[in-house]
Amino acid sequence: MFKQTCTNLTTLSIQRVRQWLNGFETIICDADGVLWHFDKAIDGSVEAFNAIQDTGRNTFIVTNNSCLCSEKIRLKARDFGFNVHKDHVLNSGKSVASFLSSKNFQQKVFVVGGVGIIEELADVNICAFQFRNEKIEKSMRDFALEMEVDEDVGAVVVGRDDSFNMCSVIRACHYLRNPQILFLGCCLDAAYPIGNNRVLAGAAAMIALVKTITSRKPLILGKPNPWIVREPIESGAINPATTLMIGDTLETDIKFANYNGFQSILVGSGVTELEKVERIRDRGQKKQMRLVPDGYLPRLCDIIEYL
């Protein structure tokens, strides 16, 4: 009805929006920027998410956050008050684990990223390791020459890493000099605004450094890669034709929706301003239109009156 128009749903009649929403059996929400900001739930988001679930629709949380494993994200959501079912939280770390498991991967994984990645890999019986807070006590040259390496490493995974340092970079780049070793990334989220003109570096920054040094291109397994929802789609838990994605970023959430054949709503509670999307829409460039959502709401809580 609103395909790639970024229609502001608050300007339409309740009946018209309700008619559109009635066509969806599954609603997927991003986490940060839609449901919560770091450690605080966005006003009204708990009530909205639970109201969606009370209508009998399938509800999923699909996030690129790999610092926590999917189960700990579910517990975080539960502590906020979100009624989310077990196995209905998917994240980029779980997507990496699913991918390697599908390849019958039998080697070790070196991780530059959060412990959530290691926990997801452990759940599928893949051994992963990292060196957190390692410091270079000598020159980088001496460190690189003298460091011990594990010959059984078959993949390097890079995600957002709050303790990111050159030791991890040197180790990752050593392994990736071997073209047989897989280079996997969790996502390409560049930065996370935290207010007062300050930001946190996202996984894209860590991946870019390793990519530049090794001249290798990683396979990104978080959004917008459809792999992150491969299992529920194959099992029939998600039917793309009757699925709505609600997100706050264009390059991840909205592109992800278009890649999967979902319809989409952008909410204004995250990192993307409505005016930016309207400029992209009005230019009408074909390649850029995949970034344009079908609908827009200021916040998730605004959906309640249409349910």
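Start with the whole chain: of its 307 residues, 53% count as buried. This is a predicted model.

**Stop 1: the whole chain**

Keep everything selected. The chain holds 11 helices and 16 strands. Its C-alpha trace spans about 70 × 40 × 35 Å along the principal axes. The radius of gyration is 20 Å; a compact globule with 307 residues would have one near 19 Å, so the two agree.

Switch on the surface. About 14,400 Å² is exposed, and carbon and sulfur atoms supply 48% of that area. Colour by charge next. There are 35 positive and 36 negative charges, and their mean positions lie 5 Å apart.

Now think about contacts. Take those with a separation of 6 or more: residues 24 or more positions apart account for 72% of them.

**Stop 2: the seven-stranded sheet**

Show strands as cartoon. Select β1, β16, β15, β14, β2, β5 and β6, in that order across the sheet. These seven strands form an open sheet with parallel pairing. Go to its edges: β1 (7-8) and β6 (89-91) each have a single partner strand, so one side of each is left without a neighbour in the sheet.

Zoom in on β15 and β16. Select residues 263-267 for β15 and 295-297 for β16. The two run parallel and are joined by three bridges. For a landmark, pick Val267, which stands opposite Leu297 in β16.

**Stop 3: the five-stranded sheet**

Move to another open sheet. Its order is β8-β7-β9-β10-β13, and the pairing is parallel. The edge strands are β8 (128-129) and β13 (219-220), each pairing on one side only.

Select β9, residues 153-158. Is this strand mostly covered or mostly open? It is mostly covered: six of its six residues are buried.

Look at one flank of β9. Strand β7 (residues 108-112) pairs with β9 in the parallel sense over five bridges. Label Val112; its bridge partner in β9 is Val158.

Then take β10, residues 182-185, which pairs with β9 in the parallel sense over four bridges. Two residue pairs are worth labelling here. Ala155 stands opposite Leu182 in β10. Val157 has Leu184 of β10 as its bridge partner.

**Stop 4: Gly185**

Stay on β10 and select Gly185, which has its place in that strand. How much of Gly185 is accessible? Its relative accessible area is 0%, so Gly185 is buried.

Show what surrounds Gly185. Leaving out residues up to four places away in sequence, Gly185 touches Val96, Val158, Ile207, Pro218, Leu219, Ile220, Leu221 and Gly222. Two of these names fit places already visited: Val158 is the β9 partner of Val112, and the edge strand β13 covers 219-220.

Try a distance as well. Pick the C-alpha atoms of Gly185 and Leu121: they are separated by 14 Å, with the residues 64 apart along the chain.

**Stop 5: Ser163**

Finish after β9. Select Ser163, found in the loop between β9 and α7 (166-176). Is this loop residue buried or exposed? Ser163 counts as buried, because its relative accessibility is 14% and the cut-off for buried is under 20%.

Which residues does Ser163 touch, not counting those up to four places away in sequence? Show Arg132 and Asn133: these are its contacts.

Terms used: Residues are numbered from 1 along each chain as its sequence is written. This is a predicted model: local features need pLDDT of at least 70, side-chain atom pairs count only at pLDDT 80 or more; totals for chains, interfaces and linings use all residues. Side-chain values use heavy atoms; hydrogens and water are left out. The radius of gyration is taken over C-alpha atoms; the globule rule is 2.2 Å times the number of residues to the power 0.38. Buried means under 20% relative accessible area, exposed over 50%, partly exposed in between (1.4 Å probe, protein chains only). Contact means heavy atoms within 4.5 Å. Accessible areas come from the Shrake-Rupley method with a 1.4 Å probe; for residues, only the protein chains shown count as cover. Lys and Arg count as positive and Asp and Glu as negative; His and the chain ends are not counted. The place of a charge is taken as NZ of Lys, CZ of Arg, CG of Asp or CD of Glu. Two strands pair if DSSP finds at least two bridges between them.
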